Amino acid sequence: MEHETAQVGTEHHHGSHRHLVDLYREHPESGTVDAIVVPTIRHPSWLGHAIRLAVALDCPLVTLHSRRWSRPDEAAALLLPTGVAYVVIDVDDPARLNLPDFATSVLVKGTPFHRATDLSAKRNTGLLLSRLMGWQRVVFLDDDIVVGGHKEVAAAAALLDGYDAVGMHIGGYPDNSVVCHAHRLTGGDQDSFVGGGALAVETTRRPSFFPNIYNEDWFYLLGETSLRRLAVTGMVTQRAYNPFDRPVRARDQELGDVLAEGVYWLLDGDGASWEAATRPAHWTGFLARRRAFIEDVLRRVRLRPGSTDRTAMEESLLAALGRLKLITPDFCVSYLRAWKADRHRWAGHLAGIPQLESGVADAMKWVVKPGAKPLRWWASR
């Protein structure tokens, strides 16, 4: 086990947080994976790698579907002949899911910061189902992630004996926000941190949740005032995409990027506490640094030789700056206080969820709110 040295960033931005994580370049032990959980909006053909992993690890595969391209009925038909245990859930209406009314979601509702996504709801449903089914070691895997091999996932699961979560090195296309992609492409030092796209979690100790915000996985990894015990091992590859295809992407990421980077900025200081993030003074300084950082990246973009991506990068950075203008120190403090309240709300919610011994059919009754219309689902026998 070792620690990576932080990369050199700028005075306004930390390009890496990897020094906060225990690094295992190899881990020979093998642990049991109780389930793999895949939130998906893509065609079932994207599930092939997750299916092969579930077969190799001999563990259940849970897929949570939304949007018409994800076709849960076709996913179930694809899984049927594989012999893997599976649960396929059609999350056509996240409002029916048996999740708390999070204060963080209420805070942004009706504001420009609201995100019409269901990724966090799907991941929280994975945690809820884990409680119902008695799964202690769960691997979250995005459908655009390819893992090096099932032994690497088993090694990550083994590390959960001493860690609350274990991420995997992300190779291939970097897992960064739009602003950080532009920073890297214009010469800045930019690493990727642990993400929910390939994350093994221990579900019974110090329960945490995924808020509906960009960088929701960074918030899952936080404790009440510090970082939870976190390690990295193995290797995964993220499939390439164009981060600058829509300026709205950068705009919608900005609040989550600001809040997460602002909290982890404090952890980078001594690694002990991010408690200062619950006070406006921290955010007054950090928001000024954030603006200076994005403006510096924008300046570097404008100095690039003419290219097809320069205009798209510039438009994305301007969209981020426009959204940044709306973020105030008081709002940042309000969000983090709401998040702290939500952690307790989530722990209390899970305490009221039983661990069942009667199988998936009864568990699915608890996945929706009392009195709500049941979700469509498919499961192996």
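A crossing of two helices is left-handed if the near helix is turned anticlockwise from the far one by less than a right angle, and right-handed if the turn is clockwise. In the predicted model considered here, helix 4 passes helix 12 in a right-handed crossing. The axes of helix 4 and helix 12, the latter spanning residues 360–367, come within 10 Å and cross at roughly 135 degrees. Angles from 65 to 115 degrees count as roughly perpendicular and those over 145 as roughly antiparallel, and helix 4 and helix 12 are therefore oblique to each other. On the side of helix 4, the contact is made by Thr-125, Leu-128, Leu-129, Leu-132 and Met-133. These residues meet Val-360, Ala-363, Trp-366 and Val-367 of helix 12. By class, this contact of helix 4 with helix 12 holds eight nonpolar residues, one polar residue and no charged residues.

A second helix pair is formed by helix 6, residues 178–185, and helix 10, residues 310–324. Their axes lie 10 Å apart, and the packing angle is about 135 degrees. Helix 6 and helix 10 are therefore oblique to each other. The crossing of helix 6 past helix 10 is left-handed. Helix 6 contributes Val-178, Val-179, Ala-182 and Leu-185, which meet Met-313, Ser-316, Leu-317 and Ala-320 in helix 10. Seven nonpolar residues and one polar residue make up the contact of helix 6 with helix 10, with no charged residues.

Helix 8 packs against helix 11, residues 329–351, at an angle of about 75 degrees, and the two axes are 11 Å apart. Helix 8 and helix 11 are therefore roughly perpendicular to each other. In this pair, Leu-255, Val-258, Leu-259 and Val-263 of helix 8 meet Phe-331, Cys-332, Tyr-335 and Leu-336 of helix 11. The contact of helix 8 with helix 11 consists of eight nonpolar residues, with no polar and no charged residues.

Enclosed spaces were examined next. The structure holds three cavities of 30 Å³ or more. The largest cavity has a volume of about 80 Å³. Its lining comprises 15 residues, and Phe-113, Arg-115, Ile-213, Asp-252 and Leu-255 lie nearest the centre of this cavity. Helix 8, residues 247–270, gives five residues, the largest share of the lining of the largest cavity. Leu-255 thus appears both nearest the centre of the largest cavity and in the contact of helix 8 with helix 11. By class, the lining of the largest cavity has seven nonpolar, three polar and five charged residues.

The second largest cavity has a volume of about 40 Å³. It is lined by His-12, His-13, His-14, Glu-261, Trp-265, Phe-286, Arg-290 and Phe-293. Helix 8 and helix 9, the latter covering residues 280–302, are the elements that give two or more residues to the lining of the second largest cavity. The largest share, three residues, comes from helix 9. Three nonpolar, three polar and two charged residues form the lining of the second largest cavity.

Among the open spaces, the second largest pocket contains about 580 Å³. This pocket is lined by 23 residues, of which Pro-94, Ser-105, His-114, Ala-121 and Asn-212 lie nearest its centre. The elements giving two or more residues to the lining of the second largest pocket are helix 3, residues 103–108, and helix 4, residues 119–133. Helix 4 therefore has a part both in the lining of the second largest pocket and in the oblique pair with helix 12. The lining of the second largest pocket divides into 12 nonpolar, six polar and five charged residues.

Terms used. Residues numbered from 1 in each chain as written. Predicted model: local features only at pLDDT ≥ 70, side-chain atom pairs only at ≥ 80, totals over all residues. Heavy atoms only, no water. 1 Å grid on protein atoms, 1.4 Å probe; cavity = no way out; pocket = protein on both sides within 12 Å on 5 of 7 lines; lining within 4 Å. Points joined across faces, edges and corners; volume = space filled by probe spheres on them. Helix = DSSP H or I, 4+ residues; strand = E, 2+ residues; numbered from the N terminus. Nonpolar A, V, L, I, M, F, W, Y, C, P; charged D, E, K, R; others polar. Axes fitted to C-alpha atoms, helices over the stretch in contact; angles between N-to-C directions. Parallel < 35°, antiparallel > 145°, perpendicular 65-115°, else oblique. Contact = heavy atoms within 4.5 Å.
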